[in-house]
Amino acid sequence: MNKIQGFYYVNCDDGIHECKLRGILKRRESKNNCVVGDIVEISDDNYIIGIDERKNLLERPIVANIDYFVIQFAAKDPDIDLDRLDVMLLRSFFYKIKPVIVINKIDLLNESEFEELKTKLDFLTRLDIPCFFISKKENIGIEELKAYLKDHISAFGGPSGVGKSSIINMLQSEKVLEVGETSKRLRKGKHTTKDTNLLPLNGGGYIIDTPGFSSVELPDIKTPFELMDLFPEFAGRERCKFNDCHHLNEPGCKIKEAVEKNTLEKSRYEFYKKVYEKLKDERWNKYE
Ligand code: GDP
Ligand code: ZN
């Protein structure tokens, strides 16, 4: 945790407050009692007196409440690796961080190639996942992306060479966090610190530096049912014949039916099966 000599830096509407943690919160639990990204309540004498429930918590680095996992690819050079995109989606659902897709370098495509790409990524719209087509080089779509990330904490991931550093450098603010005035009222703010891997954005908000997010390793999914839960498009459908259907070779499987009827993306289902087999071979069998 990045607190500095016992101080916590809380970003409120009126600036950054240097705060201490109230004793009772210190004792509450272990080292994770107040972490970067926590939404906290502070008193008029700048003590942290409450911590809101977290929507997610990342371990390395320790940070809570990440809003977006920005999964970046390039339209070309390198080409999009859909398998890798699927793994990163799986990771973001696993960590309960909303995925946002950014496709950079669209300047390298002609019109028909661009249309083709959009069709290929159409399944994202059906999953309610925002997708930004941008060109850093020709300054296309940058303002829209900026507006979306504003006032949120975003983690970036993606293969190398797609323009991540270029984009992050451009979004990043030069401004150094300053310590604000003390205040008289009870207020709420986000705990941040000066010396972290939280990079302030020039439009407001932060990018969290999490190199591990570009990893293609499968997360620690323990059971087939946990895996199914990471496919949002499996939810809200008719029930399969068997309650404990794994959607593989069981009769009366509504997921397989949906693939045949084209109401569920075949590539996503194929990806599900592939991950299922891999986890079964490499991990689940060991628990039996
Ligand atoms: P990273 O490895 O993902 O951090 O990628 P970099 O930011 O290092 O960029 C890789 C290469 O892509 C560099 O040569 C950039 O100049 C180039 N690049 C970045 N953005 C664009 C873009 O919008 N269009 C084109 N054509 N090239 C870009
Ligand atoms: Zn089924």
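This is a guided tour of a predicted model, with suggestions on what to select at each stop.

**The whole chain**

Start with the protein chain in a cartoon view. Its secondary structure comes to nine helices and 13 strands. Now colour the chain by accessibility: of its 288 residues, 47% count as buried. Contacts across the sequence can be described as well. Among contacts between residues at least 6 apart in sequence, 69% join residues at least 24 apart.

**The zinc site**

Select the zinc ion (ligand 2) and the residues around it. Which protein atoms are the donors of this ion? They are SG of Cys 240, SG of Cys 245, ND1 of His 247 and SG of Cys 253, and they lie 2.1 to 2.5 Å from the zinc ion. The angles subtended by the four donor atoms run from 104 to 115 degrees, so the arrangement is tetrahedral. Along the chain, the donors follow the spacing C-x4-C-x1-H-x5-C. Cys 240 and Cys 253 are 13 residues apart, and both are in the loop between helix 7 and helix 8. Cys 240 counts as buried, with a relative accessibility of 14%. Cys 253 is buried too, at 3%.

**His 246**

Stay in the loop between helix 7 and helix 8 and select His 246, which is found there. Beyond its neighbours within four places in sequence, His 246 is in contact with Pro 224, Phe 225, Met 228, Tyr 272 and Tyr 276. For a distance to display, pick the C-alpha atoms of His 246 and Leu 227: they are 9.8 Å apart in space, while the two residues are 19 apart in sequence.

**The aromatic cluster**

Tyr 272 and Tyr 276, both contacts of His 246, lead to the next selection. Together with Phe 231, Phe 234, Tyr 269, Phe 271 and Trp 284, these two tyrosines form one aromatic cluster.

A search of the whole structure finds eleven aromatic pairs. One of these is worth selecting away from the cluster stop: Phe 114 and Phe 133. Their ring centres are 5.3 Å apart and their planes stand at 85 degrees, so this pair is edge-to-face. Phe 114 belongs to helix 3 (residues 111–120) and Phe 133 to strand 9 (residues 131–133), so the link spans parts of the chain 19 residues apart.

Then return to Phe 231 and Tyr 272, which also form an edge-to-face pair, with 5.4 Å from centre to centre and 85 degrees between the planes. Phe 231 lies in the loop between helix 7 (224–229) and helix 8 (254–260), whereas Tyr 272 is in helix 9 (residues 266–287), so the pair ties together parts 41 residues apart in sequence. Are these two residues buried or exposed? Phe 231 is buried, with a relative accessible area of 1%, and Tyr 272 counts as buried at 0%.

**Two nonpolar cores**

Next, select Ile 66, Ile 71, Leu 85, Leu 89, Ile 101, Ile 103 and Leu 121. Within the largest nonpolar core, which has 29 residues, these touch the most other members. The elements that give two or more residues to this core are strand 7 (68–74), helix 2 (82–94), strand 8 (98–104), helix 4 (122–126), strand 10 (153–157) and strand 13 (206–208).

Zoom in on Ile 103. Not counting residues up to four places away in sequence, Ile 103 touches Phe 73, Ala 74, Ala 75, Ile 80, Leu 117, Leu 121, Cys 131, Phe 132, Phe 133 and Ile 134. Apart from the largest core lies another, of 24 residues, including Phe 234, Val 259, Leu 264 and Phe 271.

**Backbone details and a charge over a ring**

Most residues other than glycine have a negative phi, and most peptide bonds are trans. The next selections depart from that.

- Asp 77 and Pro 78 are joined by a cis peptide bond, with omega about 0 degrees. Pro 78 is found in the loop between strand 7 and helix 2.
- Lys 96 has a positive phi, near 60 degrees. This lysine is found in the loop between helix 2 and strand 8 and counts as exposed, at 60% relative accessibility.
- Lys 105 also has a positive phi, near 65 degrees, and lies in the loop between strand 8 and helix 3.

For the last stop, select Lys 20 and Phe 7. Lys 20 lies over the face of Phe 7, at 5.2 Å from the ring centre.

Conventions. Residues are numbered from 1 along each chain as its sequence is written. Chains are lettered from A and ligands numbered from 1 in the order in which they are written. This is a predicted model: local features need pLDDT of at least 70, side-chain atom pairs count only at pLDDT 80 or more; totals for chains, interfaces and linings use all residues. Side-chain values use heavy atoms; hydrogens and water are left out. Rings of Phe, Tyr and Trp (its six-membered ring) pair if their centres lie within 6.5 Å; planes under 30 degrees apart count as stacked, over 60 as edge-to-face and the rest as tilted. Helices (H or I, at least four residues) and strands (E, at least two) are DSSP runs, numbered from the N terminus. Buried means under 20% relative accessible area, exposed over 50%, partly exposed in between (1.4 Å probe, protein chains only). A charge sits over a ring if NZ of Lys or CZ of Arg is within 6 Å of the ring centre and within 35 degrees of the ring normal. Donors are N, O and S atoms within 2.8 Å of the metal (3.2 Å for Na, K and Ca); water is not among the atoms, so sites may look incomplete. Four donors count as tetrahedral if all angles lie between 85 and 135 degrees; four count as square planar and six as octahedral if opposite donors are over 155 degrees apart and all others between 65 and 115; anything else is irregular. A nonpolar core is a set of buried Ala, Val, Leu, Ile, Met, Phe, Trp, Tyr and Cys residues joined through side-chain atoms within 4.5 Å. Contact means heavy atoms within 4.5 Å.
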